[in-house]
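Here is a short briefing on one protein model. Have the sequence and the 3D view open as you read.

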Amino acid sequence: MAQRIQGTEDLYGGYMRSWQRMCDIARELFGAYGFDAIETPAIEQVATFTHGIGESTDVVRKEMFRVFSGALLEDVFARGSEEGLKAKQRMAMRPEGTAGVVRAAVEHNFVPQGAAPAKVWYSEAMFRGERPQRGRLRQFHQVGVEWLGAEDPAADAETIIMLMEFYKRLGLPQESLTLRINSMGDGECRPAYREKVRQFILDHADEMCEDCRERADLNPLRAFDCKVDRDREIMRDAPLVTDNLCDDCRDHYAQVKKYLDEAGIKYIEDPTLVRGLDYYMRTVFEVEYTANAGIGAIGGGGRYDGLAELEGGKHTPGIGFAVGFERIMLALEDAGVNLAGEDPSCVYVANTEPELREAAFRATLALRSAGIRAEADYQGRSLKSQFKQADKHNARLCVVLGPDEVAAGVATVRDMGTHEQVQVPMADLAAKVSELLG
C-alpha cells in the first residue's frame, strides 16, 4: 500500500481548514499593513540558500534537501566519485522563505533606487531533512513576511507588533506567549564580538561538546543555542553582544525598544538570542509558547540588511518573520482553541425514487448557483439512507423531492434539527432555503 513519506503530513478535513483559516487571517492582517502575497519556487539554486543562510549552519550542512534530475544522477553515478556528486548539487528544496524572496526581489528589482519599500507575505511548504518528531517535520508549512528597503527601526517594531497581533487573532492567549528580543550587531561591531566568543569557546574547549568546538571556527555565536545543558551553562558566562554593540546598533536597538514600549508590547531582552541563520543582524526576536514547556518557540525573525548583496543585488535592508503552522497548531490545541471551527454544514437534496434523480440534480444546481453548499445522493440510496447521509454531511436542511412534489412543482424542505417541514415552489427554492438558513 502506498504511504506518505515519514516526516510529512496530509492536510485534510479540520486540519486543512485550520491552515486555510491561518492564511485568511494572515491575508487580512498583513494586507492592512500594506503587504502583498508572493509565492517563490519550491526549488532554488543551492547558492540562493548557502549565500545567506550560511555554509556552517545546520540547515545547510545537515538538513537541506538537494535535488537531482535523472540525467544529472546518471552522470554522477557514471563518475562514481564524491567530487562528482558535489559538483552536481545545483538545486535544493527551500528550507525557509526569506532567501527565495530576496532572490526574487533582486532578480525582479522589487526595490528600485529611491522607490518605496517592498512588503510581501507568503504561506508555503518548506522542506528540511530533520529527524521527524512532534511539531517538526520534513515538509512543514510557514506563514511569513518580508519587508525590504526600510532601515527605520519603526519597521522592526511594526513587524514585531504585527506578529503579536497575528497570534492574538489566531486565538492564542497573550499571557501564554513570551516575546524575546536582542540585537546581534552589524558588520561594524559583530566581527570583533564574534572573535571574543570564539576565543571564549576555545578557552573552554575541554569542557564543551564536539559540535560547539566545531562552531568555534565556523559560527561561534551558534554555541549560545546549544542543546547540551553543560554547554548552555558555560555559555552563560560568555561575552554578551549587547555589551559589544557599536553606537549605531545600540541606538537602533534602543529606538526599537522605545517603539515597542509605546505600543504596549511586553518583551524580555535576551542577549543570548542569536537565531539560527547567518543572514540575521541587528534586531532579532522569537516568540515562545510558555504555557507548555514541551512546545517552545512558535515563530520569530529579525533584520537581514546584507542579504540582498549576498544574492547579487545592491544594498537593500530587510526585516521579516516566519511562523510554523504545525507548531502553532500544538499551541492552539494546548490552549483549547479550535482554529478550524465547526464542520461545514450543507443542504442535502434527497429524492424518493430513482426516476426523480434529474429533478434532484436540477435542484442541487439551483442551490449551488445561489452560493448555498449543497449535497445529494450519488449511490442510489433509499430515502432513509439519504437522511443518514444528510446527517453525516452535517446538513441543516434537507430538500425532499417525491412524485407528488415534482408533479406540483414544489419541494419539501425539512429542518434536520426540529424535523419541521414546509413546501416551497421550485422557482423560490433557493431564496426560501437562504431565508431558512438565516
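Contact here means heavy atoms within 4.5 Å. Helices (H or I, at least four residues) and strands (E, at least two) are DSSP runs, numbered from the N terminus. This is a predicted model: local features need pLDDT of at least 70, side-chain atom pairs count only at pLDDT 80 or more, and totals for chains, interfaces and linings use all residues. Residues are numbered from 1 along each chain as its sequence is written, and side-chain values use heavy atoms, with hydrogens and water left out.

**Confidence**

- The protein chain has a mean pLDDT (the predictor's confidence in each residue, from 0 to 100) of 89, and 92% of its residues reach 70 or more.
- Among the elements of the chain, helix H7 has the highest mean pLDDT, 97, and helix H5 (residues 82–87) the lowest, 52.

**Nonpolar cores**

- Buried means under 20% relative accessible area, exposed over 50%, and partly exposed in between (1.4 Å probe, protein chains only).
- A nonpolar core is a set of buried Ala, Val, Leu, Ile, Met, Phe, Trp, Tyr and Cys residues joined through side-chain atoms within 4.5 Å.
- The largest such core holds 87 residues. Met22, Phe30, Val143, Phe166, Tyr167, Met235 and Ile298 have the most contacts inside it.
- Helix H7 (residues 153–170) supplies the largest share of this core, 9 residues.
- A second, separate core has 17 residues, including Val347, Ala374, Ala411 and Val424.
- Leaving aside residues up to four places away in sequence, Val143 touches several aromatic residues, among them Trp19, Phe30, Trp121, Tyr122, Phe166 and Phe321.

**Strand E12 and its partners**

- In strand E12 (346–351), 6 of the 6 residues are buried, so the strand is largely enclosed by the rest of the structure.
- Cys346, Tyr348 and Ala350 point one way from E12, while Val347, Val349 and Asn351 point the other way.
- Two strands pair if DSSP finds at least two bridges between them.
- E12 runs parallel to E14, joined by 6 bridges. Asn351 has Leu401 as its bridge partner in E14.
- E12 also pairs with strand E13 (residues 374–376), in the parallel sense, over 3 bridges. Tyr348 has Glu375 as its bridge partner in E13.
- From E12 the chain crosses through helix H14 (residues 357–369) to E13, and this β-α-β crossover is right-handed. That is, with the strands pointing away from the viewer, the path from the first strand over the helix to the second runs clockwise.

**Helix H15**

- In helix H15 (residues 383–392), Gln386, Gln389 and Ala390 are buried.
- Seen down the axis of H15, these residues fall within an arc of 105 degrees, so they line one face of the helix. The arc is that of the directions from the helix axis to the C-beta atoms.
- Strands E12 and E14 (395–401) are among what covers these buried residues.
- Lys384, Asp391 and Lys392 are exposed on the other side of H15.
- Asn394, just after H15, takes a positive phi of about 60 degrees.

**Strand E7 and its partners**

- In strand E7 (residues 177–183), 7 of the 7 residues are buried, so the strand is largely enclosed by the rest of the structure.
- Leu177, Leu179, Ile181 and Ser183 point one way from E7, and Thr178, Arg180 and Asn182 the other way.
- E7 pairs with strand E9 (residues 281–289) in the antiparallel sense over 7 bridges. Asn182 stands opposite Val284 in E9.
- E7 pairs with strand E8 (residues 268–269) in the parallel sense over 2 bridges. Ile181 stands opposite Glu269 in E8.
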